[in-house]
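I opened this model to note its fold, its core and its aromatic pairs. My entries follow in the order of looking.

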Amino acid sequence: MENDKLSPTSLAFIALANEYCQIVENCVEHGRQGLVESMLKLLPRLYITVSDIEPSLEYFDAFIGQSLDEPTYDMVRDNIGAVMGEDDVYLEVFLDDMKYSDTPIATSVSENLADLYQEFYNMVASLRDLNTDEQRQILGACKENFTEYWGQTLCNVLRALHSVNVAYRDDF
């Protein structure tokens with residue numbers, strides 16, 4: 001008999017992704033301190049939890065729909081940028097282009113967090129109204145995306161947020 005429920009790890013990941021989306025959507029209310037503290041606690045949990053998801057053997061057929069529209073993505077990115085202020089931009093060292101560059105490459109906390117938001121928002125929206133097997137496939141596709149793309153983004157922005165936290169430790 002086939003298991004008709006998602007694993008506790010999968011459910012935890014979905015809940016964490018949803019929590020992430022809510023925090024990012026309300027970042028202006030939390031301010032820089034609240035956003036940084038929340039992300040420093042949430043991002044490692046997301047990393048660990050998605051790493052523990054058993055991959056679906058049939059995820060290759062799964063499609064994570066693009067539910068997030070560009071104006072919403074831009075609004076989220078701009079709000080995070082406004083909250084982070086001068087601490088939004090940081091130098092990135094884990095880009096393929098960096099291997100061939102003599103100059104530092106800048107990126108932003110706001111863009112990285114918005115990219116993660118897009119992944120999680122689309123995943124959560126795609127999971128709605130699907131049966132358990134289809135949900136497992138979506139989670140498998142999300143785990144593959146984690147391996148190929150957003151896992152590195154998560155680690156990079158975590159490093160930048162850690163630096164902000166350390167720099168303003170007395171203020172927090």
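Before counting elements I fixed the terms: helices are DSSP runs of H or I with at least four residues, strands are runs of E with at least two, and both are numbered from the N terminus. The model is predicted.

**Entry 1, the chain.** By that rule I find five helices and two strands. Along the sequence I read the pattern α-α-α-β-β-α-α. I looked up burial next: of the 172 residues in the chain, 43% are buried. The accessible surface comes to about 9700 Å², and carbon and sulfur atoms hold 49% of that area. I then took the contacts between residues at least 6 apart in sequence; 79% of them join residues at least 24 apart.

**Entry 2, the core.** The largest nonpolar core contains 48 residues, and I list F13, Y20, M39, L43 and L113 as those with the most contacts inside it. Two or more residues each come from α1 (8–25), α2 (27–52), α3 (70–84), α4 and α5 (132–167). Helix α5 gives the largest share, eleven residues. I followed M39 further: leaving aside neighbours within four places in sequence, M39 is in contact with Y20, I23, V24, P44, L113, L158 and L161.

**Entry 3, aromatic pairs.** I count seven aromatic pairs in the structure. For Y20 and F120 the ring centres are 5.1 Å apart and the planes stand at 80°, so I enter the pair as edge-to-face. Because Y20 lies in helix α1 and F120 in helix α4, this pair ties together parts that are 100 residues apart in sequence. Y20 has 0% relative accessibility and therefore counts as buried. F120 is also at 0% and counts as buried.

I took Y47 and F146 next, which form an edge-to-face pair with 5.0 Å from centre to centre and 70° between the planes. Y47 belongs to helix α2 and F146 to helix α5, so here the parts tied together are 99 residues apart in sequence. I asked whether Y47 is buried or partly exposed. At 33% relative accessibility, Y47 counts as partly exposed. F146, at 10%, counts as buried. I also note one aromatic cluster, formed by F13, Y20, Y47, F120, F146 and W150.

**Entry 4, Y121 and N122.** I went on to Y121, which lies in helix α4 (residues 109–127). Its relative accessibility is 29%, so I class Y121 as partly exposed; the cut-offs that apply are 20% for buried and 50% for exposed. Which residues does Y121 touch, not counting those up to four places away in sequence? I find C21, E25, S67 and L68. Y121 and C21 are 100 residues apart along the chain, and their C-alpha atoms are separated by 6.6 Å.

N122 lies in helix α4 as well. At 3% relative accessibility, N122 counts as buried. I looked for what its side chain reaches, and found the backbone nitrogen of L68 at 2.9 Å. Not counting residues up to four places away in sequence, N122 touches I64, G65, Q66, S67 and L68. S67 and L68 are thus noted among the residues that Y121 touches and among those that N122 touches.

Key:
Residues numbered from 1 in each chain as written. Heavy atoms only, no water. Buried < 20%, exposed > 50% of the residue type's maximum accessible area, 1.4 Å probe, protein only. Contact = heavy atoms within 4.5 Å. Areas by Shrake-Rupley, 256 points an atom, 1.4 Å probe, with all protein chains shown as cover. Polar contact = N/O pair within 3.5 Å; in protein donor to acceptor, adjacent residues only side chain to side chain. Core = buried A, V, L, I, M, F, W, Y, C linked by side-chain atoms within 4.5 Å. Phe/Tyr/Trp six-rings, centres within 6.5 Å; stacked < 30°, edge-to-face > 60°.
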